[in-house]
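Q: Could you walk me through reading the packing and strand pairing of a model like this one?

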Amino acid sequence: MSKPRKPLILVCNDDGIFSQGIQALAEVADEFGDVAIIAPDRQQSAVGHAITVSTPLRARPFRIDGRFDGQAVSGTPADSVKLAHNQLLDRKPDLVVSGINHGSNAGINILYSGTVSAATEGTILGYPSIAVSCTDFDEDADLTGCQDAARKVIGYVLNHGLPRGVTLNLNAPSGPLKGIKWARQANSRYVEEFEGRVDPHNRNYYWMTGKFQLLDEDEKNDISILEKGYASLTPIQYDLTAYSLLNDLKDIEL
């Protein structure tokens with residue numbers, strides 16, 4: 001009698017295929033099944049759900065950390081998941097995990113994040129998907145707590161699945177895991193400024209700066225939970241319809 005086939009877990013990110021975070025997440029995924037790492041060949045932070053349409057994509061195979069088979073894609077995180085689904089994998093994944101990102105993807109950061117978008121693309125393609133991020137931007141951050149949180153969430157999703165159209169967005173502080181709490185996305189934004197400069201050819205250019213602003217007073221949001229030292233876990237969806245307003249507008253003719 002043949003042994004049951006292990007789940008195939010596709011690992012992606014936006015920090016690039018050789019980041020510390022993606023290797024840390026692959027180590028956790030390896031405890032649950034076979035691992036395939038397919039991710040951008042370079043840093044792709046804050047690209048959101050961008051896809052490449054004007055140039056061809058290339059994928060180069062690599063052996064990562066002497067343990068994992070991987071392919072580096074000359075595109076975005078969403079490109080990487082699309083290409084894995086359509087061309088690069090011998091079989092379809094049972095789970096897509098993206099991360100571990102260096103830097104929080106809570107609040108409004110969900111919208112800009114390439115890490116979250118890779119997971120969301122997995123959801124669009126019909127796979128249970130999880131995005132994992134550490135609030136610490138330091139490349140040498142202690143990711144053990146993030147790994148422990150990811151281990152719990154991956155185990156849950158493999159056992160229970162997810163509703164169609166839903167992605168889980170996991171954020172955790174660096175260091176040991178204090179615990180995981182369900183949370184909603186915080187109401188937040190960036191207040192941006194642009195510093196104008198002139199280059200040696202007398203052409204204007206601009207550097208964006210700004211501050212993060214939390215607009216939420218309810219402490220059950222993801223950012224407030226992270227500030228208390230817990231990991232936050234938020235179910236998100238790519239359907240952007242404002243259903244409550246749509247219902248209010250249903251009898252209005254234009």
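Q: Which residues does Ile-100 touch, not counting those up to four places away in sequence?

A: Keep in mind that this is a predicted model. With sequence neighbours up to four places away left out, Ile-100 touches Asp-15, Gly-21, Ile-22, Ala-24, Leu-25, Val-132, Ser-133, Cys-134, Leu-143, Cys-146 and Gln-147.

Q: Which members of the largest nonpolar core touch the most other members?

A: The general idea first: in soluble globular proteins, nonpolar side chains tend to be buried together. Here the largest nonpolar core has 47 residues, and Ile-100 is among those touching the most other members, along with Val-11, Ile-37, Val-97, Ile-130 and Leu-170. Apart from that core lies another one of 5 residues, including Ile-110, Val-116, Ala-119 and Ile-236.

Q: Ile-236 stands in S11, opposite which residue?

A: Reading a strand means asking what lies alongside. Ile-236 has Thr-167 opposite, and S7 (residues 166–172) pairs with S11 in the antiparallel sense over 6 bridges. On top of that, S8 (residues 180–182) runs parallel to S11, joined by 3 bridges; there Lys-181 has Ser-232 as its bridge partner.

Q: Is S11 mostly covered or uncovered?

A: For cover, count buried residues, meaning those under 20% relative accessible area. S11 spans residues 231–237, and 5 of its 7 residues are buried, so the strand is mostly covered.

Q: Which residues make the nonpolar surface patch?

A: Leu-245, Leu-249, Ile-252 and Leu-254 make a patch of about 480 Å². To place one of them, Ile-252 lies in the segment after helix H7 (243–249).

Notes
Residues numbered from 1 in each chain as written. Predicted model: local features only at pLDDT ≥ 70, side-chain atom pairs only at ≥ 80, totals over all residues. Heavy atoms only, no water. Buried < 20%, exposed > 50% of the residue type's maximum accessible area, 1.4 Å probe, protein only. Helix = DSSP H or I, 4+ residues; strand = E, 2+ residues; numbered from the N terminus. Pairing = 2+ DSSP bridges. Patch = residues over 30% accessible without salt bridge, like charges linked within 9 Å, V, L, I, M, F, W, Y side chains within 5 Å. Areas by Shrake-Rupley, 256 points an atom, 1.4 Å probe, with all protein chains shown as cover. Salt bridge = Lys/Arg side-chain N within 4 Å of Asp/Glu carboxyl O. Core = buried A, V, L, I, M, F, W, Y, C linked by side-chain atoms within 4.5 Å. Contact = heavy atoms within 4.5 Å.
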